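Let's take a walk through this one, a stop at a time. Keep the sequence and the 3D view open as you read.

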Amino acid sequence: MIRKKEWIAMLLAGGQGSRLHVLTKNLAKPAVPYGGKYRIIDFTLSNCVNSGIDTVGILTQYQPLELNEYIGNGQPWDLDRSHGGVHVLSPYQKATGSDWYRGTANAIYQNIHFIEGYDPEYIAVLSGDHIYKMNYEKMLDFHKAKNADCTIAVITVPWEEASRFGIIAADEDSRIFEFAEKPQKPKSNLASMGVYIFSWKKLKKYLEENERDQNASKDFGKDIIPAMLADGQKLVAYPFEGYWKDVGTIDSLWEANMDLLDPKVPLELHDPSWKIYARNPVMPPHYVGEEANVQNAMIAEGCNIFGTVDFSVLFAGVTIEKGAVVRDSIIMPGTVIKSGAVVQYAIVAEDVIIGENCVVGMRPEQVENKDDWGIAVIGAGAKLKAGSVVKPKQMIDADRQEE
């Protein structure tokens, strides 16, 4: 049965997130906690709902269990609908056999049947691992006005970072005439945000051609976009000027959380006209003890603070015991930091116990060789024995803990 929609969104959420190391060992990157009460995927899902997209396919593959459970029926994002709503799309057995998603383009190709069930005119292809607020409806209006076959959202990035992105060159009318995927010597610093709007019939043709090519990478940046450009299809660049962060590395995830504590950073989470929706635990308000010292911090519900917290983000259910100190750090749900422990410039994952008098991380000025400094990371479920020391850049896995 065809359920006609003008447009739907396909959200790519199957990546391993290997650069986040122990944080994504048993967790898909889009499900990584962010900002005290969110998961990374909440931003893209909220953008969809706020932009009027009521049908979203979420393509999962790597460690999908917790992400699938978190999404559930889509109710927190108003996507629990009988006609449309949210659908988790994992690779599955077909009459022709089964296959993992072999790239971003192949992931969409394998779900053509799902897309065709809504007979859309347009399709938004989105990433589930970026922090930003964007009105996709305005981007669709731009796509229509330009009579484009593909519209790519772009943002200006620092030249020294340009080689990390797909780089675009466009003329004064926004028409793209050159695209290079992660070039070693970029000619431009106009970067693709991994946010695309396609006219569906045109995209379907290129997906099918790409699938027939045995040598293809099955990827949008490496195959689909270059092929459309080579054929003279109309690709246009949609400029975006707000806050956008690719949180694919330990440093970028730490920075994105710290940005929430900086009043100069233009990421407003309290805007009632553009809410960021999330599935949150039902917990009592946080408690700050009489002798506690809390400055410039975000503290979620269910936290119990008896020590010192400065310039940090604490998720739900965190306990900071008396005499413990947390500075410039991210402490994820359910973690306990015991008396006398010092945690600085660190990311501590869920359900960690940091024993008494442990030292995790170090301030940059305390490190003689600046190349030796970096964010310390403690993986989910780890238990550090009293007096343990975790150096800058060191990563502790729950299966290989400090003795």
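In which strand is K245 found? Before getting there, bear in mind that this is a predicted model. K245 is found in strand β13, which covers residues 244-246. Buried or exposed, then, for K245? K245 has a relative accessible area of 19%, and buried means under 20%, so K245 counts as buried. Its side chain has a partner too: a polar contact of 3.1 Å links the side chains of K245 and E255. If you skip residues up to four places away in sequence, K245 touches D129, H130 and I131, along with S252, E255, A256 and D259.

Next stop, helix α5. This helix spans residues 136-145, and its buried residues are Y136, M139, L140, F142 and H143. Why do these residues share a side of α5? They fit within an arc of only 160° around the axis, and that puts them on the same side of the helix. Turn to the other side of α5 and you find K138 and A145, both exposed. The ends of the helix are worth a look as well. At the N-terminal end, N135 acts as the cap, with a side-chain oxygen 2.9 Å from the backbone nitrogen of E137. Following α5 comes N147, whose phi is positive, near 50°.

Now for strands β8 and β12. Strand β8 (residues 150-156) runs parallel to β12, and five bridges join the two. One of the pairings to pick out is I152, whose bridge partner in β12 is A237. β12 itself covers residues 235-239 and is mostly covered, with four of its five residues buried.

Stay in β8 for V154, which lies in this strand. With a relative accessible area of 3%, V154 falls under the 20% cut-off and therefore counts as buried. What does V154 touch, once residues up to four places away in sequence are left out? The list runs through I168, then L190, A191, S192 and M193, and then A237, Y238, P239 and F240. For M193 there is also a backbone distance to quote: its C-alpha atom and that of V154 are separated by 5.5 Å, although the two residues are 39 residues apart along the chain.

I168, from that contact list, leads us to another pair of strands. I168 stands opposite F179 in β10. The pairing behind this is that of β9 and β10, which goes in the antiparallel sense over five bridges. Strand β9 (residues 166-170) is mostly covered, and four of its five residues are buried. Between the strands of this hairpin sit five residues, and S174 takes a positive phi near 75°.

That brings us to some annotated positions. An unreviewed UniProt entry places the feature "binding site" at Y101, G166, E181, K182 and S192. Where do these residues turn up in the model? Y101, G166, E181, K182 and S192 are taken in by the lining of the largest pocket.

Take two of them in turn. Y101 lies in the loop between β5 (85-89) and α3 (104-109). Its relative accessible area is 11%, so Y101 is buried. Leaving aside neighbours within four places in sequence, Y101 is in contact with L59, T60 and Q61, with L89, S90 and P91, and with N106, A107, Q110 and N111. E181, for its part, has its place in strand β10 (residues 176-181). Here the relative accessibility is 31%; that lies between the 20% limit for buried and the 50% limit for exposed, so E181 counts as partly exposed. With neighbours within four places in sequence set aside, E181 is in contact with F165, G166, G221 and K222. G166 is itself one of the positions in the UniProt set.

Last stop: another sheet. Six strands make up an open sheet with parallel pairing, in the order β14-β17-β20-β23-β26-β29. Which strands are at the edges? They are β14 (287-288) and β29 (383-384), each of which pairs on one side only. Within the sheet, look at β17 (residues 304-305) and β20 (residues 319-320): they run parallel and are joined by two bridges. N304 has T319 as its bridge partner in β20.

Key:
Residues numbered from 1 in each chain as written. Predicted model: local features only at pLDDT ≥ 70, side-chain atom pairs only at ≥ 80, totals over all residues. Heavy atoms only, no water. Buried < 20%, exposed > 50% of the residue type's maximum accessible area, 1.4 Å probe, protein only. Arc of directions from axis to C-beta. Polar contact = N/O pair within 3.5 Å; in protein donor to acceptor, adjacent residues only side chain to side chain. UniProt positions renumbered as here; feature names shortened; annotations may be inferred. 1 Å grid on protein atoms, 1.4 Å probe; cavity = no way out; pocket = protein on both sides within 12 Å on 5 of 7 lines; lining within 4 Å. Contact = heavy atoms within 4.5 Å. Pairing = 2+ DSSP bridges.
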